[in-house]
Amino acid sequence: QVDLVESRGGFVQTGGSLRLSCAASGLTFSNYIMGWFRQAPGKEREFVGRIMRSGDNTYYVDFAKGRFSISRDNAKNTVYLKMDSLKPEDTAVYYCAAKTVFSTQYNYWGQGTQVTVSA
């Protein structure tokens with residue numbers, strides 16, 4: 001059984017920072033591309049970014065560039081999302097997800113964690 005468990009999110013003020021983690025089990029973590037997504041109230045889930053298997057390549061969508069950073073520790077089966085300069089519009093449930101290089105969609109998902117940024 002594959003489990004992806006995100007750390008507890010939190011409540012931060014505008015301009016603050018937060019680091020989320022996602023611990024994986026039940027899979028060979030280093031074989032999976034790890035992604036982060038988010039879903040704001042009343043909106044569809046959107047892609048934030050991803051990190052390749054060895055951690056040497058990351059990709060971010062525009063709103064995340066320069067503010068968010070994804071890293072991973074394959075020895076700990078954990079992926080991280082560091083968020084800086086947070087804005088109220090970053091308020092959302094954040095999800096980690098895993099997929100193989102052969103998959104067009106993410107195969108496994110975490111349960112999500114709430115991040116709230118106050119104005």
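Here is a short chat about a predicted model, covering its disulfide, its core and one sheet.

Residues count from 1 along each chain as its sequence is written. In this predicted model local features need pLDDT of at least 70 and side-chain atom pairs count only at pLDDT 80 or more, while totals for chains, interfaces and linings use all residues, and side-chain values use heavy atoms, with hydrogens and water left out.

Trainee: Which residues does the disulfide join?
Mentor: A disulfide here is a pair of cysteine sulfur atoms within 2.5 Å. The S to S distance is 2.0 Å for this link. The pair is Cys-22 and Cys-96.

Trainee: How many residues apart in sequence are the parts that Cys-22 and Cys-96 tie together?
Mentor: Strands (E, at least two residues) are DSSP runs, numbered from the N terminus. Cys-22 sits in β3 (residues 18-25) and Cys-96 in β9 (residues 92-99), so the parts they tie together are apart by 74 residues.

Trainee: Are Cys-22 and Cys-96 buried or exposed?
Mentor: Buried means under 20% relative accessible area, exposed over 50%, partly exposed in between (1.4 Å probe, protein chains only). Both Cys-22 and Cys-96 are buried.

Trainee: How many residues has the largest nonpolar core?
Mentor: Such a core is a set of buried Ala, Val, Leu, Ile, Met, Phe, Trp, Tyr and Cys residues joined through side-chain atoms within 4.5 Å. Met-34 and Trp-36 are among those with the most contacts inside it. The largest core has 29 residues.

Trainee: In what order do the 4 strands of the open sheet come?
Mentor: Two strands pair if DSSP finds at least two bridges between them. The pairing in this sheet is antiparallel. The order is β1-β3-β8-β7.
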